[in-house]
Amino acid sequence: MRYSRNNRRTTHRFEIVIKWHTSELSELSELKTRKPQKEKIQTTMSGQQQQQQQQQQQQQQQNNNNNNLGYKEFVCNEVTNNRTNETTKMIIKEFRKIGHGAFGTVVQAYIAKVNLGTGELAKTNNITDSGNSNNSLDNENGSTPLQWRGPFAIKKVPAQTEYKSRELDILRVTDHPNIVKLEYYFNYPLPTVVESSAGQHASNNMQNFNQQNTHNVPRTVTKSILFQHLAMECLPETLQLEIQRYTSNKLQLPLKHIKLYTYQLARGMLYLHSFGICHRDIKPSNILVDPNLGILKICDFGSAKKLEINQPSISYICSRFYRAPELILGNTCYTTQIDIWGLGCCFGEMLIGRAIFQGEQPLLQLKEIAKLLGPPDKKFIFFSNPSYDGPLFSKPLFKGSSLERFQKYFGHAGVEGIDLMMKILKYEPEKRISPRRIMAHPFFDELRQELYFFPRGHSQQKKLPELFNFSQYELEVIGNMYSAIVPAN
């Protein structure tokens, strides 16, 4: 079907999503030049109207400057401070994308309060993503400059209207050194590109076009969708990236670093599991680290859930390489011990520089596990899922003992490291070692006896982060394991 020139012009009226990258600004400018010019209307304006128009033009010019620098600035009327529960009007300045996935995107940003006296945006001077939270911007009227806070990592996900966001609920109540902290949260609409089939009128501008399009050809249109924004503390990188830095240079992550990160991961899990909260997606890319300080924090609680006894949950959860055996078999009444399996997978990945179980398909993941642990027991399979009818891998896939396999792959972890690994990676979840017993394991005695470590790329030692600054609540959870975890002196 052919369209007339007038019909083709209507396609230029579609709303355009502006991606905040400097490489796309030229395309936007070109599209603007194609739009028909509106006739100028001569009006008589008062001095106040002229001033308002001038301020709008200055603000538009400032926004254009911001775009040229590659970041986006906007105002949200209701931003809630998670520490004080105070809700106020704030400016958000996004600098760069630092993560993305099926859940949405994560950007690095700074946040500042709007001058409530004028309600005006600030005049922007140069701000870098150096982490300096004391940058200030002078207002047009010379009032108190804005104090920028950050940087923060803002996670954007579509706002869930049918039920409350579990991630927000969990992050609002958690407060632990090894759990990422939520600082602010708010909802804000974002233009989103979606597909629209023929006959669906996504906007009034598309009505004529759709009526003449008799073919069921999907087209992309733009809709304003409400997104939930979670502003969290920002750490330099993920554990996955830290592992890759060493393996790409054919190096091994220092054993002391592995001990440092594994201990903190177990400590964070002890806190979460004491509330019945199961992360359900423990993997290196969901763990933040600061290699310069030796700090680790668990992040991305998009899959997290507070598990209830005898209440079923979806079994198709966790990324495949880190999925516990009972999940592979289809168990829906699992426990927080699936996180312990993920911890063991992260521990092993730090030791050998790659994921230790890399099944090409979900069911073949069980085969990869059997290559290290040996064939799973039939009782374990039955109690995990009596209806399971997949491959059992009941025949041994290697010669020798399972201990010899662990020694072959994780030998440089030493006797204590291998012992800990074998106590974590168990088929039966009830046999896996608990977080507090992981923390008390002799593998971490070096952290109890020494105070310093060498950060990556440093020739000078730095003091270890606080590892034993337990809160009163943590002490109650640790209980009689305190003497085995905390240094004697």
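**Exercise 1. At what angle do helix α10 and helix α12 pack, and how far apart are their axes?**

Some ground rules come before the solution. This is a predicted model, in which local features need pLDDT of at least 70, side-chain atom pairs count only at pLDDT 80 or more, and totals for chains, interfaces and linings use all residues. Residues are numbered from 1 along each chain as its sequence is written, and side-chain values use heavy atoms, with hydrogens and water left out.

*Solution.*
- Step 1. Find α10 at residues 362-373 and α12 at residues 402-410. Helices are DSSP runs of H or I with at least four residues, strands are E runs with at least two, and both are numbered from the N terminus.
- Step 2. Read the geometry: the angle is about 100° and the axes are 7 Å apart. Axes are lines fitted to C-alpha atoms, for helices over the stretch in contact, and angles run from 0 to 180 degrees between N-to-C directions.
- Step 3. Classify the angle. Under 35 degrees counts as roughly parallel, over 145 as roughly antiparallel, 65 to 115 as roughly perpendicular and the rest as oblique. α10 and α12 are therefore roughly perpendicular.
- Step 4. List the contact residues (heavy atoms within 4.5 Å). α10 gives K371, L372 and L373, while α12 gives S402, R405, F406, Y409 and F410.

**Exercise 2. Describe helix α9 and its packing against α7.**

*Solution.*
- Step 1. α9 covers residues 337-352 and spans 23 Å from first C-alpha to last, close to the expected 22 Å. The expected span is 1.5 Å times one less than the number of residues.
- Step 2. Check its cover: 15 of the 16 residues of α9 are buried. Buried means under 20% relative accessible area, exposed over 50%, partly exposed in between (1.4 Å probe, protein chains only).
- Step 3. Turn to α7, residues 255-274. The axes of α7 and α9 come within 10 Å and cross at roughly 170°. That makes the two helices roughly antiparallel.
- Step 4. Name some partners. Among them are L255, I258 and Y261 in α7, and L343, F347 and M350 in α9.

**Exercise 3. Find backbone features that stand out.**

*Solution.*
- Step 1. Recall the rule: most residues other than glycine have a negative phi, and most peptide bonds are trans.
- Step 2. Look at R280, in the loop between β10 and β11. R280 is not a glycine, yet its phi is positive, about 70°. R280 is buried, at 4% relative accessible area.
- Step 3. Look at D300, between β12 and β13. Its phi is about 55°, also without being a glycine.
- Step 4. Go to strand β6, which holds P151. The bond from G150 to P151 is cis, with omega near 5°.
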